[in-house]
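Let's take a walk through this one together. Have the viewer open and we'll go step by step.

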Amino acid sequence: MVEFIGKRLTDLCIVPVGCVVLGVLKIMKSLPLILVFLLVSINSAAQSSRPNFIIIFIDDLGYGDVGCFGGTDARTPSIDSLAEEGTRFTSFYAQSVCGPSRGALMTGRYPHRIGGGWTTNGDEVFVSEILREAGYVTGCVGKWDMSKRRYQEALVPNSQGYDYYYGALGANDGNKVTLYDNRKELETTTDMAGLSELYTDKSIEFLEAHRNEPFFLYLAHTMMHVVIDASPRFRNRTGNGLYADTLEELDAEIGRLLAAIEEFGLKDNTVVLFTSDNGPWSNDINRQHTKNAKHVRWTDGPELAWGSAGPLRGAKGSNWEGGVRVPALVRWPGHVPAGRTTDAITSTLDVLPTFAALAGAIDRVPKDRVIDGVNQQALLLGESIQGARDGFLYFEGDELQAVRQGSWKLRLPDLKELRTWTESDHGTNKLELYNLERDLGESKNVVNENPEVVQRLLAIAEASKVKRKESL
Ligand SMILES: [Ca+2]
């Protein structure tokens with residue numbers, strides 16, 4: 001625009017003095033056009049510096065399930081398109097189970113600081129509250145799991161910074177969920193197969209209603225958490241079983257959401273983060289199998305009700321990589337490099353400070369408490385290769401179980417908080433050291449060969465324990 005005005009003024013200046021009046025009249029005549037152009041430009045500038053945000057949070061999706069992370073059982077072209085048009089994060093950490101993972105995502109703090117995870121303290125500051133105060137309209141659709149799976153006035157989405165909520169406050173273990181429209185209880189449904197479509201419909205309605213203002217949408221799907229199911233048109237489509245059929249349906253629904261984003265003209269100005277809350281089930285397979293098969297009888301393929309951690313060891317509920325390292329993709333055309341893969345260490349904990357920074361609201365991040373997340377704006381925008389972290393702390397409840405620094409991961413001894421209902425692989429429960437760069441599957445304990453690394457990581461662990469106690 002400056003260039004445009006400049007050209008007009010230059011044109012005017014080269015005109016002889018006698019023509020100045022005529023020139024001014026010409027400018028006056030085109031003034032409304034200039035003003036419109038100027039306003040559009042200012043609006044675009046404001047929009048590009050202040051994007052919309054959408055988080056697509058999948059439940060129990062494994063590191064190796066989707067195509068762009070090596071999955072082959074289900075075709076996931078819509079999810080994979082985010083990798084082509086955005087950045088793929090291969091060292092992105094959530095927490096090991098549902099509720100705590102959601103608490104960490106929303107607050108940027110480890111679950112033990114915020115009330116455990118399946119519930120939170122009412123005075124925690126959610127990313128939705130920060131963005132709402134910064135002028136965003138905020139919506140949450142889907143599984144909440146931060147109010148002890150029931151309605152609690154102070155802990156439901158509408159009390160945690162969300163202008164709009166539609167979804168289920170709890171999980172679907174019993175093949176049913178009770179739906180809420182904001183604070184109003186609706187029906188209880190047993191149609192697990194219909195939830196992905198329903199949540200997508202509600203998300204698209206929200207986008208359409210708020211397409212002309214800054215918005216934040218947190219879409220937390222109930223799938224792929226058992227009990228899983230697929231709609232009739234997706235059943236037996238893959239030939240690879242129930243899990244793959246259900247994942248193909250979820251991908252199609254994500255495709256419908258991405259198409260709506262494009263149709264509403266929001267694609268270029270919206271940051272889309274796709275990830276999962278924890279790794280896939282693996283332990284107690286018979287129990288999960290039985291639980292799912294009791295409700296879902298149509299399948300004639302293998303009744304696989306859990307996903308794959310791909311090359312990673314372990315599963316949901318553990319601090320092996322397979323429990324907490326999840327697939328993650330971020331798209332923001334023209335800002336986040338397209339087609340890039342980064343192994344820089346990142347986490348759901350980083351979402352709150354990073355989104356706050358991108359929204360120009362970094363000063364709204366609370367300073368009166370520990371924020372475990374870090375601002376990854378530079379990494380996201382391709383201005384940094386390493387990002388703002390050189391490591392990660394693996395907590396289970398208030399027990400620090402492992403420490404990562406660079407490619408080294410030290411698993412601590414004598415762990416007590418081991419979730420036997422999800423994970424039977426507890427390792428040696430002595431000091432174990434792995435080099436994740438050479439040994440992603442945590443198969444070779446090299447603790448004896450690297451005493452200096454062990455000492456360095458033990459020191460980090462000790463300091464982290466002290467810091468945690470001080471900050472509670
Ligand atoms: Ca989960």
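What is the mean pLDDT of the chain, and what share of its residues reach 70 or more? This is a predicted model, so that's a fair place to begin. The mean comes to 88, and 86% of the residues reach 70 or more. Two stretches fall well outside that group. Over residues 1-25 the pLDDT is below 50, and beyond near neighbours in sequence this stretch has 10 contacts in the model. Residues 37-48 also stay under 50, with six contacts beyond four places in sequence. Where pLDDT is low, the predicted coordinates should not be read in detail.

Now for the overall picture. The chain has 472 residues, and 48% of them count as buried. Its secondary structure adds up to 12 helices and 16 strands. If you take the contacts with a separation of 6 or more, 68% of them link residues 24 or more positions apart.

Next, find the sheet. It is an open one made of 10 strands, and reading across it gives the order S7-S6-S5-S4-S8-S1-S9-S10-S2-S11, with mixed pairing. The edges are strand S7 (184-189) and strand S11 (340-342), each of which pairs on one side only. On average, neighbouring strands here are turned by 15° against each other, direction ignored.

Zoom in on one of the pairings: S5 (residues 164-168) and S6 (residues 177-181) run antiparallel and share three bridges. Within this pair, Gly 167 stands opposite Tyr 180 in S6. S5 also has a helix lying across it: H6 (residues 195-209) lies across S5 as well as strand S4 (137-142) and strand S8 (215-220). Relative to S4, H6 runs at about 170°.

Which helix should you look at for burial? Try H4 (residues 98-107), where 10 of its 10 residues are buried. The list takes in Gly, Pro and Ala positions such as Gly 99, Pro 100 and Ala 104, but also Arg 102, along with others including Cys 98, Leu 105 and Met 106. What do these buried residues pack against? Their partners are strand S1 (52-58), helix H5 (127-133) and helix H10 (351-358). S1 is also a member of the sheet, sitting between S8 and S9 in the strand order, so you can trace a path from H4 through S1 back to where we were. Right after H4 comes Gly 108, whose phi is positive, near 75°.

Key: Residues numbered from 1 in each chain as written. Predicted model: local features only at pLDDT ≥ 70, side-chain atom pairs only at ≥ 80, totals over all residues. Helix = DSSP H or I, 4+ residues; strand = E, 2+ residues; numbered from the N terminus. Buried ≥ 20, exposed ≤ 12 C-beta atoms within 10 Å, placed from the backbone. Contact = placed C-beta atoms within 7 Å. pLDDT = per-residue confidence, 0-100. Pairing = 2+ DSSP bridges. Axes fitted to C-alpha atoms, helices over the stretch in contact; angles between N-to-C directions.
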